[in-house]
Each structure stands twice: as structure tokens, then as C-alpha cells.
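Got the model open in your viewer? Here is a short walk through it, one selection at a time.

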Amino acid sequence: MNKFSKKMNKFSKIITTGVLASAMAAPALAQEAASQEAAVHTQFIFNSLLFLIGGFLVFWMAAGFTMLEAGLVRSKNVTMQLTKNMALFSLAGIIYYLVGYNLMYPLGNWMIGADETGGYIGAIGVAALEVVGAGADALDDLSYASTGSDFFFQLMFAAATASIVSGALAERIKLWPFLVFVAILTGLIYPIQASWKWGGGFLDSQLGFLDFAGSTVVHSVGGWAALAGALVLGARTGRYGKDGRVVPFHGSNLPLATLGTFILWMGWFGFNGGSQLAMGTLGDVTDISRIFANTNTAAMGGALAALVLTQLLYKKPDLTMILNGALAGLVAITAEPLTPTLGQATLIGAMGGIIVVFAVPMLDKLKIDDVVGAIPVHLFAGIWGTMAVLFTNPEATLKGQLLSIVIVGVFVFVISYVVWMILKATMGIRVSQEAEINGLDMTELGMEAYPDFTNR
Amino acid sequence: MKLIIAAIKPFKLEEVREALTTIGVQGLMVSEIKGYGRQAGHTEIYRGAEYVVNFIPKIKLEMVVADDIAEQVVEALAAAAKTGSIGDGKVFVLNVETSLRVRTGETGDEAL
């Protein structure tokens, strides 16, 4: 049945019911039942619509990450960065379909644990959507949304988590071992810890952990994985001198980096807005409106904070820090974009921007080479955002927030570190020094990003 | 024949080219270079890390001219390229042994 006839069927069903009811002067009950059914269906439809729209907005963040990273690496490594992003996003989606989705959302069928006492490990199975042309009786959950829209939306979150890791480790990592890590991250690490909160697991049911759209579940997870990778991988050749000198490696294309940041900003409306998980009531829509407005103002706060702070500290603003600042603001508000006032959201975002400006040189002092500032933006601002929930949502508890940050952190960091070490010992994760100096584009791919320009 | 090599400030290129054409220079080679003379480098900051900018972008011109106009070319070039501030550049003159026009096979002054 095609979409048009499906609409006509439902429409005519409602009309017929309405006409019959009034023609027979039937008791109000028949009309009541018909309009109630229409209301339930409408809610389902709007909920699904939210996931579909939110989903493709979060998808668009992949373009954002790609452009941001392409702009911040040197010309000789741009094609590799583009390739990594295309590959990791595609791989993440497929692994999530095969393994991740059901691990993350076992719907009560925990392999280890139970909804009431705490879920720990979800279900094993490939993701399955509803049948073609499903009617009310064929739906998985008429009170929620279509499984396809839910799957689509959640898949994008998993893929976004994987994207975070690629920026930090740029310019010296081998492509295939990196992709192996991505498969493990999106197939196991991400879905398991996400199930603890969003799948109804123990962080949610036993600790009352609050993380609306994933400052911890998505962003700090990406950050922890990136940190583990950066430690195992080591810094780029020539970055840090013996006397404590830090050598800047300039980004090759700041317009692309800026465009990428704006794209991420736009995608975030889907990321946070879609996490309302419903759009069928007045309350839902006003909530989503608050979320969009708060998300936006947090980014602005972060950008401005970074602008002012870099001007004060360095006598000149640093565009790349302003970009990081906006993103840190977005990450910070992600744990709770609903309850803050616009003013509070701006300040929460601004704090994210401040954190980033101090954290970037601090990592350099520790000789942790993070090419794009992914660790300050996603890990540090993610932790801050998760704690900031305490300021605006009375249902949050210090124990719940802090303990969950620690549990997720230890889980993700330790497992990531072990995986990186195993990959290092088996496949090797770093290109040869000669390849690194000549650029990954020519040595690993045989393809330049800017073939007519001179490569630095 | 003389080879004249000059390093000038990039924004002066058009002015210099016009001056050279007026004098009668019929061919020119131009490349983008970086360089420094006695100008001191200056410090900048990128993502919190200080670095020294030692090399400044310049334009290098190379032209081969007949002996009799070489001196005028140098004067005209320098006059057009001058701003009076640091970094105006330098001009060097070398002797040339042979020249050849590829298309016709002409040599010597006829090739210029």
C-alpha cells in the first residue's frame, strides 16, 4: 500500500466514523472513542516525526565533525581525515544495527540484571523494524513511536560518539586499527553504558542519574575513548620539545573548520530537541521549544566566553578556541537543556567555553596531543554539564550525578585503553615516522586533498 | 645579458610589473617565496602555544635583460618597489652566459 492510500484510508476512516456517529445521533461515547483513537495516532505520528527530523539533524553533525577536523589538520592529512569520517560513520551505523541497538534497549529482556533491580547487560540481536504499512495492531508500541524512527535516531547518536574520537587522534593513526576500535566502541562500549541510563539500566533505576541528551552518555564517552587513544598513540612528531616547548601545527582551512562548527551547532537542535522523545502534547512542544532556545544560547555563551578569554589571555582572540568554546557550550547544556532559564543556559555554556580555553594548553603541558580539542570539549565540558544539572533540576542528586560520571568514566576509559593497547600490540596503531612526516594522504591513500597547492 | 633577481613585497607586484613594461622588459618570472633579511621575527600564539614567525611572504622576480638597459631596469624596479619601511626587499644582478628562445631557436639578445 503506498503512502497516499494509507493516508486516505485513515482519513476516510475518521470521516466515516464521525459521519456515522453524528448521523445516528449516537451517544457521545462513539465520537469520544473515535477522537481518542485519532489523538493516540496523532501523538504516535508526531513522536515518530520528531525522531525522524531529529535523526537527520544529528546525521548532519557528521558533516560538521568532518569539516571541523578537515579544517584543523594540516593539508597533507586532510584526505585521510575525510576518509576516516566517512568510514567510521558508516561502520558505526552498521555495527549499531547488528549489535548495538538491542544491547542498548533490551526492553526489559536483560541478559544480566533486571529493570527493577538494575539492568547491566542488554539483549543480543540484530535490530528489526516494524513491517511495511503497519497498522495500529502491527506497531511495536502505539504509545511511543515507530521502531524505525527510534532506531534511526539512536543510530545517529552512536555514530556521533565515534566521530568524537577521530579528531583527537588525527595525523598519525592508521586507518584500519582505528576502524576496529570504532566497531568495538559502537558495538559494545557505547551501547552497554548507554543502556545503564537510557535503556532503563541501573544508573537510571538505582541511582537516579539524569542525562537528558548525553553529556556523559555520548560526549564524555567519546572523550574518554579519545583520551585513552591519545595516551596510547602518543603525540605527533615534532609537537613537543625537550625543553617543554609546544610547537603549533596550524589548521589548513579555517573557513571549513568554522563551517563545521556551525553545522554541528545546527545538528545539536536535533540532538537535544529529539531527546525529548515525544512531540504529541502541548507540554512536549513547549519543552522542545525551551530545548532549542537553551541549546542555542549555551553555544553563544561558550563562543563569547572563549572570545573574551583568549583576548584577555593572549591579547588576540583565537578563532579555533572560539569554535571549541561554542561546541563546549553545546556539550555542557546537553545533560539538561530543558530546565534551565535562558540566562542559566548561557552561563552553563559560558563555563564550558572557559574550561576549554584553559584545558587546551593544559593538555599540551601534559604532552597529550589532541589535534582538535576533542578532550576539553567533549570530556571536560561533558563532566561539567553533567554536574551542572544539579543547579537547575531539583530531581538530580549529587550522588547520582557524580557516581555515574565515575562509573561510566572508569568503564569506558579502562576498556578503551585495553583495546588500544591490544591493537597497538597486534596491528600497530601508528604510521611510520616517515609516513607521518610526508603526510598520510600520499603515503596511506595516494591521494591529495589540495593537489594544485603546495603541501606543507 | 644580465639576470636580475629581486625580492619585493607582494602587494607591490603590479606596480613593479607596470614600471618594468614601461622600461621595455618583455619577459618576467614570478614566484611566491618566504624570506627574511635583517627584520627580526615576531611572536604569535596558536591555541596557547607560542611560536616565532621568522619568514615573511615575499614575491621573487627574475628577468634576463640586455646589458644596455640593465641599470635602468634596476633603478625602475627599486623605485616602484620602495615603500620606505622595513622589508622592501633586495635586487641582485648576475651575468648570463646563454639565452635561447625555444620556439624559434634564436639565441643571444634576440632571445630576450
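Start by selecting A:Met321, A:Asn324, A:Gly325, A:Ala328, A:Gly329, A:Val331, A:Ala332 and A:Ile333 in α10(A). Then add their partners in α11(A): A:Ala345, A:Ile348, A:Gly349, A:Ala350, A:Met351, A:Gly352, A:Gly353, A:Ile355, A:Val356, A:Val357 and A:Val360. Color this contact by class and you get 13 nonpolar, six polar and no charged residues. Keep in mind as you click around that this is a predicted model.

Now show the two helices whole, residues 319-333 for α10(A) and residues 342-365 for α11(A). Their axes come within 7 Å and cross at roughly 130°, and that angle makes the pair oblique, because only angles over 145 degrees count as roughly antiparallel and only 65 to 115 as roughly perpendicular. The crossing of α10(A) and α11(A) is right-handed.

Stay on α10(A) for a moment. Is this helix enclosed or open to the outside? Of its 15 residues, 14 are buried, so the rest of the structure largely encloses it. You can also check its length with the distance tool: the end C-alpha atoms of α10(A) are 22 Å apart, in agreement with the 21 Å expected for 15 residues at 1.5 Å a residue.

Next stop: α8(A) and α9(A). Select residues 254-273 and residues 282-314 of chain A. The axes of these two helices come within 9 Å and cross at roughly 140°, so α8(A) and α9(A) are oblique to each other. Their crossing is right-handed. To see who meets whom, show side chains for A:Trp265, A:Trp268, A:Phe269, A:Asn272 and A:Gly273 on the α8(A) side, and for A:Ile288, A:Ile291, A:Phe292, A:Thr295 and A:Ala299 on the α9(A) side. That contact is made of seven nonpolar, three polar and no charged residues.

Now try residues 175-197 and 398-426 of chain A, which are α5(A) and α13(A). How do these two helices run relative to each other? They pack at an angle of about 155°, with their axes 11 Å apart, and that makes α5(A) roughly antiparallel to α13(A). The contact uses A:Pro177, A:Val180, A:Phe181, A:Ile184, A:Ile189 and A:Gln193 from α5(A). From α13(A), look for residues including A:Phe411, A:Ile415, A:Trp420 and A:Leu423. By class, this contact has twelve nonpolar, two polar and no charged residues. The crossing of α5(A) and α13(A) is right-handed.

For a single-residue stop, center on A:Met80, which sits in helix α3 (residues 78-104) of chain A. Buried or exposed? A:Met80 has 28 other C-beta atoms within 10 Å, so it is buried. Leaving aside residues up to four places away in sequence, A:Met80 touches A:Leu440, A:Asp441, A:Glu444 and A:Leu445. For a sense of scale, draw a line from A:Met80 to A:Thr310: they are 230 residues apart in sequence, and their C-alpha atoms are 30 Å apart in space.

Finish where the two chains touch. Eleven residues of chain A and six residues of chain B take part in that contact. On chain B, select β3 (42-46) and β4 (49-53), since each supplies at least two residues of the side that touches chain A. That side of chain B divides into four nonpolar, one polar and one charged residue.

Definitions and conventions: Residues numbered from 1 in each chain as written. Chains lettered and ligands numbered in written order. Predicted model: local features only at pLDDT ≥ 70, side-chain atom pairs only at ≥ 80, totals over all residues. Axes fitted to C-alpha atoms, helices over the stretch in contact; angles between N-to-C directions. Helix = DSSP H or I, 4+ residues; strand = E, 2+ residues; numbered from the N terminus. Parallel < 35°, antiparallel > 145°, perpendicular 65-115°, else oblique. Left-handed = near helix turned anticlockwise from the far one by under 90°. Contact = placed C-beta atoms within 7 Å. Nonpolar A, V, L, I, M, F, W, Y, C, P; charged D, E, K, R; others polar. Expected span 1.5 Å × (residues − 1). Buried ≥ 20, exposed ≤ 12 C-beta atoms within 10 Å, placed from the backbone.
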